[in-house]
Amino acid sequence: MTRSDLPDRRFRLTPWAVALFAVALLGVGCGPQEDAADAPQTPAAATAAQTDAEAAAAAHLDYLLANYVKSEYMVPMRDGIELYTLVYEPRDRSREYPILLFRTPYSIGPYEPGEYRNPLGPSREFDRAGYIFAFQDVRGQFRSEGEFEVIRPPAPEPRGPTDADEITDNRDTIEWLVANVENHNGRVGQWGISYPGWQTVMGMVDAHPALVASSPQASPSDMFIGDDWHHNGAFRIMYAFSWLSGNARRRDGPTSTRGARFDYGTPSGYDFFLNAGSAATVDELYFHGEVPAWRDFIEHPNYDEFWQRQNALRYLGDVRPATLNVAGWFDTEDFYGPMSIYRTVEAENPGLENTLVVGPWLHGGWARMDGDFLGCIAFDTKTSHHFQREFQFPFFEYHLKDEGTWDATEAHVFLTGTNAWRAYDSWPPAGVEPVSLYLGPDGTLSFEPPTRTGDSAAAPAAESGADLQADTYVSDPANPVPFSAEERTTLGHLWKVEDQRFASEHPDVLVYQSEPLEEDLTIAGPIGAEIFVSTTGTDSDWIVKLIDVYPDDAPPSANCEVPMGGYEMHLAGEIMRGRFRNDLENPEPMVPGEVTRIEIDLRDRFHTFKAGHRLMVHVQSSWFPAYDRNPQTFVDIYRAVPSDYQAATQTVYRSAEHPSRVILGVLPR
C-alpha cells in the first residue's frame, strides 16, 4: 500500500501557519532530526510577523553581547573524562548571580568565541534579570570527551570513587562551577526539555547541595513503558530511527558538527518502513551495527534489567530541589515521562515543593512557539508566553534569588475545549468521578452499559452472527493502518490533534460514536480503556483512541485548510502489545479465539467536549509506522522475517458479559 491509496483528507496548515511553525521548531528541545513541513511562500502578514520576530531577536542579541561575557572550559569528571562547558557571565559585577545549568546531547553551540546563544535562558526574561548561564555537552557528544550511551543508567551500587554516570556528571559539574566561577550567590538551578530534561532529572538524584531548583520539562522516565522508544512494549520504529540516525552513531572523537540528516530516498515513511521490514533488517540495510542503541533494542525485546535500570522513577526517593514539572497535552514523544515523574516525586518526597504545569503544546512547544494554536486547533491565547512569564520565570527567581512572588499551587493545567488555565491543589483535581463509555451495536457509543448477552467465547472469532454482540475486522500487516494522513518520513508533532476522518474510513478500524452532547462534558485525569477481544493469531496490537467530533456547522479554522464541520480531533490514544497484556517482563502468546481482557492507559487529559460535539472511539490493531508492525504470530518481532507476518481476524466484544468501554474522569459542573 502507498500513500496514494488513502482518502484525500490531508492535514494542511495555512501557508502562514506552516511558515511560523517551521521557524518555531528550529529551537525546540527535541531531537534535531525531527523536521517541520517545507514552508511555501508566506503571505504579507506572516512575512511581517517573521520580520518583527527577527528584529526582536537581533536587538536581544545586541543586548547579550553588551552585557554578557562568554568563556569556555573543559570540566573534569571523577573518572578523568573532561566535558566541554560554555559559561556566560554578566559583565556587571556589582552583585552576585545564581547559576542556571543546561546539559544536552544536542550541542551547546555556537562554539565560536564571538557568537552567542540567543536567548541564553529558558526565555528572554532570564537574560534581562541576570544569571550565570552554564551549558555543557554531555559525555561523548560534540566537544566533550568520553563515550555516549543513550539514556545511560546509573552505575550499580555501591558506586566506587571513579564510577561515573549522568548523576555523578551532574554533581561533578555543579561542584566545579561553584568552585571556579566567580560572582555567584551559591545557588544553582537546572532546566531542560526532552533529553536535557532527563539530564535535569538525573541532577535531582543525589543532588549537589547547591542545586535548589530544578525544572525537568518533557523528560522521559521509562523508555519501554511510555516514552520515546516504546509504549507498552510496542516499538516506535519511525521516531527511534530518525533520532538515533542523527544523534547516536559511533564517533571518532570530539567534534563541533552534526551528522548528516538521513536520506530516506522517498517522501513516504510508510513505504520506507513497510519495505524495510523488521528492526534487524533495518540495521542490516542502513545502520550496519554503527548505532549501538539500535542493537540494544534488538537484544532486549522485553522489559528486562536493561530497561529497568534506565527507569528514572526508581531513583526519585530522595529529591531535595524544588521541582517544576512541565508537560504538553499533545506531546508525541514524552508525555508519560513528565506525568510519571511528577507523580513519583509527589509520592516519594512528602513535603517537597513539587509543581506540575501542563499546557496545550507539542514536544517542547512552550519554549519556541506562541502556543495559541496547534494544527487546526485554536487555544485563543498565547499559552507559551503565559507559562514563561507566570510560572517558569517566577519559579527560578523566587528560589534562586528570593525575588518576586511564586504561586506554588500544585497543578496549573490548561483546559482544552474551553481554553482556560486552571489551578488545583492536586492532580487529578478532587471530585473527579469515573464515568464509562460503552461500545455498542451499529457503531454506537453510550454511557449506559450493554444489557444484551450472546458473545460466547466458543464462537469463532471470524463469525459475527446476528446474536453475537461483537464486531470484527481483518488486520493485515501488509496493509497496516497509517498513523497520519500526511506523507512524511519522520513522526512529526501534529498527529496527536490530527483529523481522524482518514482513519475512520479505513476498513480495519472500528468506529463508535455517541449522540451529540446536550451539555458540556469536562474530563480530567487518566483515561482508561478496557476492551474484550479475541484474535485468530497468536499476538496482536490493540490501539484505542478517544476523539472529539465537531458538529457539522463548526466554523472554519484560521490555522488550517481542513473543513472543521465533522472534524475528528484526536484527543488521546495508546497502544498495548498483546504479548505484554499481563507482564512486560514475560510475554505470552494470545490464544486464538479466546476472549481476552486488554487494559490500556490512554494517559491524562483535561478537556471539555462542548455541547453539540460527539465522542468517538477507534479500535484498531496497527498504527504504522509510528509503531512497528506486529506480525500477529508469537515470534521475536525485532527479528521477524516476511513469512512471520500474517493477517488475523480481530473481534471486539460489547456484551453484558464482556462490556468493552473507555473510562473517563468527569469533573462535575
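**Exercise 1. Place Ser622 in the fold, and say whether it is buried or exposed.**

Step 1. Ser622 sits in the loop that joins β23 (614-620) to β24 (648-653). Strands here are DSSP runs of E, at least two residues, and helices are runs of H or I, at least four residues, both numbered from the N terminus.

Step 2. This is a predicted model, in which local features need pLDDT of at least 70, side-chain atom pairs count only at pLDDT 80 or more, and totals for chains, interfaces and linings use all residues. Residues are numbered from 1 along each chain as its sequence is written, and side-chain values use heavy atoms, with hydrogens and water left out.

Step 3. Ser622 has a relative accessible area of 11%, so it is buried (under 20%; exposed is over 50%, partly exposed in between; 1.4 Å probe, protein chains only).

**Exercise 2. Find which residues Ser622 touches, and what its side chain reaches.**

Step 1. Leave out residues up to four places away in sequence; Ser622 then touches Pro480, Val481 and Ile543. Contact means heavy atoms within 4.5 Å.

Step 2. The Ser622 side chain reaches the backbone nitrogen of Val481 at 2.8 Å.

**Exercise 3. Do the location and burial analysis for Gln310.**

Step 1. Gln310 belongs to helix α10, residues 305-310.

Step 2. Its relative accessible area is 6%, so Gln310 is buried.

Step 3. With residues up to four places away in sequence not counted, Gln310 touches Val150, Ile151, Pro153, Ser221 and Met223.

**Exercise 4. State how many cavities the structure holds, and describe the lining of the largest.**

Step 1. There are five cavities of 30 Å³ or more. A cavity is a set of points on a 1 Å grid over the protein atoms alone where a 1.4 Å probe fits but cannot get out; lining residues have an atom within 4 Å of a point. Points are joined across faces, edges and corners, and volume is the space filled by probe spheres set on them.

Step 2. The largest cavity holds about 100 Å³. It is lined by 13 residues, and His231, Asp331, Phe335, Lys496 and Glu574 are the closest to its centre.

Step 3. β21 (568-577) and β22 (596-609) each supply at least two lining residues. β22 gives the most, with three.

Step 4. Sort by class: three nonpolar, four polar and six charged. Nonpolar covers Ala, Val, Leu, Ile, Met, Phe, Trp, Tyr, Cys and Pro; charged covers Asp, Glu, Lys and Arg; the others, Gly among them, are polar.

**Exercise 5. Classify the lining of the second largest cavity.**

Step 1. This cavity holds about 90 Å³.

Step 2. Its lining includes Phe235, Ile237, Phe273, Asp628 and Arg629.

Step 3. The lining divides into eight nonpolar, two polar and two charged residues.

Methods
1 Å grid on protein atoms, 1.4 Å probe; cavity = no way out; pocket = protein on both sides within 12 Å on 5 of 7 lines; lining within 4 Å. Polar contact = N/O pair within 3.5 Å; in protein donor to acceptor, adjacent residues only side chain to side chain.
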